[in-house]
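Here are a few exercises to work through with the model open in your viewer. Try each task before you read its solution.

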Amino acid sequence: MDILIVFSNIDVGSGLIKTDWSSVRSRAHKIEPEFSSIVDGISPGQDFPLYLAYFPYGAKKGDKDNYLHGCDNKVYSLKYDKLPTEVRNDLGYGASSTPMGMVMDKIFEYFIPPVDGTKNTYPWRILGPGSIFPIGRLFRSKNNYSYTPNNLLSVTAGARSTFLLQQISSLDFHSGLESIARCSLPFPDGYSTHWEIFSLLANLKHNPSPWRACLMYFSEKWITHLYEDPA
């Protein structure tokens, strides 16, 4: 039987890291000082867990499910019933939508996936460092109205709507790129497939600087106090 190694308490820049405000506050202050100053005034302790979630370039963060990249390099849905109990208790409130979080590093793109029989996707929103999401969860504290698209968007780490400028449709140029990268790359059959090449290049095993985007997820206790504590 496989042992799930979903999260760690040591931040090595990958996987899912359980932490608290005292450990991430200096990092948060650099990207969102106003929000961080408010949190400092409340001074949440270790009983208010936070999670740093790292994603490689091109990795799906969510669609109808939300995904975590475990410290064992496997991908888990937040709906997976065999997740560690503390992860389900802390983040399970967002299994059908998304846990509330803040982008800590790089960007995430929300987009509408192909719906017309083609590979075309339609960008909706880019979230960069300091962006807090989902805003709709904040507005729904006292009513049941939704202000954002539901069950329509997908989210990936890094830009999904991105394009190569070179004459990539040329077989010679494409072969040259494969030679430089020392790997086989899919031949693009349209603009919407360019990102697949970027994703493969960013995640090469011999890449000396692995690309990672990072989110900070707030545990359910943060959300409960958000509605109940005036501070």
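**Exercise 1. A charged pair out of the solvent**

Start with Lys18 and Asp90: are they buried or exposed? Then work out which parts of the chain they bring together.

*Solution.* Keep in mind that this is a predicted model.

Step 1: check accessibility. Lys18 and Asp90 are both buried, and the cut-off for that is under 20% relative accessible area.

Step 2: check the distance. The closest N and O atoms of Lys18 and Asp90 are 3.6 Å apart, and the two form a salt bridge.

Step 3: place the partners. Lys18 sits in strand 2 and Asp90 in helix 3 (residues 85-91), so you're looking at a link between distant parts of the chain, 72 residues apart.

Step 4: look for further partners. Glu86 joins in, giving a salt-bridge network of Lys18, Glu86 and Asp90.

**Exercise 2. Two bridges from helix 1**

The structure has 9 salt bridges. Which residues pair with Arg25 and with Arg27, and what does each pair tie together?

*Solution.* Step 1: take Arg25. Its salt-bridge partner is Asp40, with the closest N and O atoms 2.6 Å apart. Arg25 belongs to helix 1 and Asp40 to helix 2 (residues 33-42), so this pair ties together parts 15 residues apart in sequence.

Step 2: ask how open the pair is. Arg25 is partly exposed at 33% relative accessibility, and Asp40 is partly exposed too, at 26%.

Step 3: move on to Arg27. Here the partner is Asp11, and the closest N and O atoms are 3.7 Å apart. Asp11 is in the loop between strand 1 (7-8) and strand 2 (16-19), while Arg27 is in helix 1 (residues 21-31), so the pair ties together parts 16 residues apart in sequence.

Step 4: repeat the accessibility check. Asp11 comes out partly exposed at 38%, and Arg27 counts as partly exposed at 27%.

**Exercise 3. The two sides of helix 1**

Which residues of helix 1 are buried, and what covers them?

*Solution.* Step 1: list the buried residues, which are Trp21, Val24 and Ala28.

Step 2: look down the helix axis. The buried residues of helix 1 fall within an arc of 80°, so they line one face.

Step 3: turn to the face pointing away from the buried side. There you'll find the exposed residues Ser22, Ser23 and Lys30.

Step 4: see what packs over the buried residues. The cover includes strand 2, helix 2, strand 3, strand 7, strand 12 and helix 7 (220-228).

**Exercise 4. Tracing the sheet through Gly101**

In what order do the strands of the 6-stranded open sheet run, and which residues are the bridge partners of Gly101?

*Solution.* Step 1: write down the order. It goes 1-2-3-12-7-10, with mixed pairing. Strand 1 and strand 10 (132-133) are the edges, each pairing on one side only.

Step 2: zoom in on strand 7 (residues 101-105). With strand 10 it pairs in the antiparallel sense over 2 bridges; with strand 12 the pairing is also antiparallel, over 4 bridges.

Step 3: follow Gly101 both ways. Its bridge partner in strand 10 is Phe133, and in strand 12 it is Tyr217.

Step 4: check the cover and the confidence. In strand 7, 4 of the 5 residues are buried. Confidence in the protein chain is highest here, at a mean of 97, and lowest in helix 4 (residues 135-139), at 64.

**Exercise 5. Mapping the nonpolar cores**

Which members of the largest nonpolar core touch the most other members?

*Solution.* Step 1: pick out the hubs. In this core of 25 residues they are Leu16, Phe55, Val87, Phe108, Phe133, Leu215 and Tyr217.

Step 2: see which elements contribute. At least two residues each come from strand 3 (50-56), helix 3, strand 8 (108-112), strand 11 (154-157) and strand 12 (212-218).

Step 3: inspect one hub. Beyond its neighbours within four places in sequence, Leu215 has contacts that include Tyr51, Phe55, Met102, Phe108 and Phe133.

Step 4: find the other core. Set apart from the largest one, it has 20 residues, among them Trp21, Phe35, Val39 and Met104.

Key:
Residues numbered from 1 in each chain as written. Predicted model: local features only at pLDDT ≥ 70, side-chain atom pairs only at ≥ 80, totals over all residues. Heavy atoms only, no water. Salt bridge = Lys/Arg side-chain N within 4 Å of Asp/Glu carboxyl O. Buried < 20%, exposed > 50% of the residue type's maximum accessible area, 1.4 Å probe, protein only. Pairing = 2+ DSSP bridges. Core = buried A, V, L, I, M, F, W, Y, C linked by side-chain atoms within 4.5 Å. Contact = heavy atoms within 4.5 Å. Arc of directions from axis to C-beta. pLDDT = per-residue confidence, 0-100.
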